[in-house]
Amino acid sequence: AKASLNGRWLVTGCVDSTVRVWRHDEQSIELRATLSGHQGGYITCIDVSTVFGTIVTGCSHGNVLLWDLRTLTFMRKLRHPFKDEADKSPVPIALEPVVSVSINHKNGNVVTLVGSHLSIFDINANLLACIGPGREYQIQNRPTCAVSTDCPDWMEQGIAAITGHVGGDILMWGIDYDNKCWKLRHIMPDKPHSCAITALRVADDKQDTLLVGDESGKMSVCKTLHLENLNQQELTVVAEELRTGVHESDFYLAKKSMSTESHNWIGYVTGAD
């Protein structure tokens, strides 16, 4: 289930493949629609945006569908290139479920995590970037959840998505619009989690707080670092990351912990001061 940011709408997914849309008014809640389209796949993840009037749902068959919140009707299916290739294969390939769907409330972009493939689409369902296991992460440390930030299109060096991984790593991604691919911007230096990340949320209007949960039940709170509080070495690292992106083998940053369960992270998700 997923509630809208204003608390007026609640969208629930069912094992019978339907999506139910509820409206909350004062002290009552009313079922407004039952949406069908996932064709036997049970619903695995949901997001909703009242800003763009959009519901996005993912299912166990690997399909991601967009719905119109205003008319409560089907809009379109997002097409993932790696799924199209799998469908053409003469050898049957096991279906990968949709793990996460997440909407950018500033521009309407949709981030999806289908199996171990991270993708992002614009508001018109055009693919902007896609990445699978390979150089930036191996299948053994595949993403287990993903969340969109509210980074605007004009911020070319911004963080558009954050992924949590099997081993507890947290990676931050930007978009290379020219080459239509993801660019790894930052790997969180503190690693409070040692098992699979199961939940991520970028909180607060300034997008300066990241909430992280893992399969053991542990939760951590990460806050952005203010640039004026960094020393020259750390500022140099940040500037280099912004210029070229970052690879795990090259990454270095002095650890700066606030407490056991609260950690700092670089504050350029959406250009936070």
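**View 1. A salt bridge between R32 and E30.** In this predicted model, the side chains of R32 and E30 come together in a salt bridge, with a distance of 3.5 Å from N to O. R32 has a relative accessibility of 39% and therefore counts as partly exposed, and E30, at 43%, is likewise placed in the partly exposed class. As background to this view and the next two, side chains of opposite charge can pair when their charged atoms come close. By the rule applied here, the count for the model comes to 5 salt bridges.

**View 2. A salt bridge between D16 and R20.** The closest N and O atoms of D16 and R20 are 3.9 Å apart, and the two residues form a salt bridge. Because a residue between the limits of 20% and 50% relative accessible area is called partly exposed, D16 falls into that class at 44%, and R20 falls into it at 29%.

**View 3. A salt bridge between D47 and K2.** Here D47 forms a salt bridge with K2, and the closest N and O atoms of the pair lie 2.8 Å from each other. This pair links distant parts of the chain, since D47 belongs to strand 5 and K2 to strand 1, with their positions 45 residues apart in the numbering. Is D47 buried or exposed? With a relative accessible area of 4%, D47 is buried, because the limit for that class is under 20%. K2, by contrast, counts as partly exposed at 32% relative accessibility.

**View 4. The hairpin of strand 1 and strand 2.** Strand 1, made of residues 2-3, runs antiparallel to strand 2, made of residues 9-13, and 2 bridges join them. Within this pairing, A3 stands opposite L10 of strand 2. The hairpin has 5 residues between the strands, and G7 takes a positive phi near 75° there.

**View 5. The hairpin of strand 2 and strand 3.** Strand 2 is also joined to strand 3, residues 19-25, by 5 bridges, and these two strands run antiparallel. V11 stands opposite V21, a residue of strand 3. Which residue of this hairpin takes a positive phi? It is S17, with a value near 80°, in a hairpin that has 5 residues between the strands.

**View 6. An open sheet of 4 strands.** The strands of this sheet follow the order 5-6-7-8, and their pairing is antiparallel. Strand 5 (43-49) and strand 8 (73-77) are the edge strands, each of which pairs on one side only. On average, and with direction ignored, neighbouring strands of the sheet are turned by 25° against each other. In general, strands of a sheet pair through backbone hydrogen bonds, either parallel or antiparallel. At one side of the sheet, strand 7 (residues 64-68) and the edge strand 8 run antiparallel and are joined by 4 bridges, and L66 stands opposite R76 of strand 8.

**View 7. The whole chain, as a setting for the close-ups.** The secondary structure of the protein chain comes to 2 helices and 21 strands. The chain has 273 residues, of which 52% count as buried. Among the contacts with a separation of 6 or more, 47% come from residues 24 or more positions apart. The accessible surface of the chain is about 13,400 Å², and carbon and sulfur atoms account for 50% of it.

Conventions:
Residues numbered from 1 in each chain as written. Predicted model: local features only at pLDDT ≥ 70, side-chain atom pairs only at ≥ 80, totals over all residues. Heavy atoms only, no water. Buried < 20%, exposed > 50% of the residue type's maximum accessible area, 1.4 Å probe, protein only. Contact = heavy atoms within 4.5 Å. Areas by Shrake-Rupley, 256 points an atom, 1.4 Å probe, with all protein chains shown as cover. Pairing = 2+ DSSP bridges. Axes fitted to C-alpha atoms, helices over the stretch in contact; angles between N-to-C directions. Salt bridge = Lys/Arg side-chain N within 4 Å of Asp/Glu carboxyl O.
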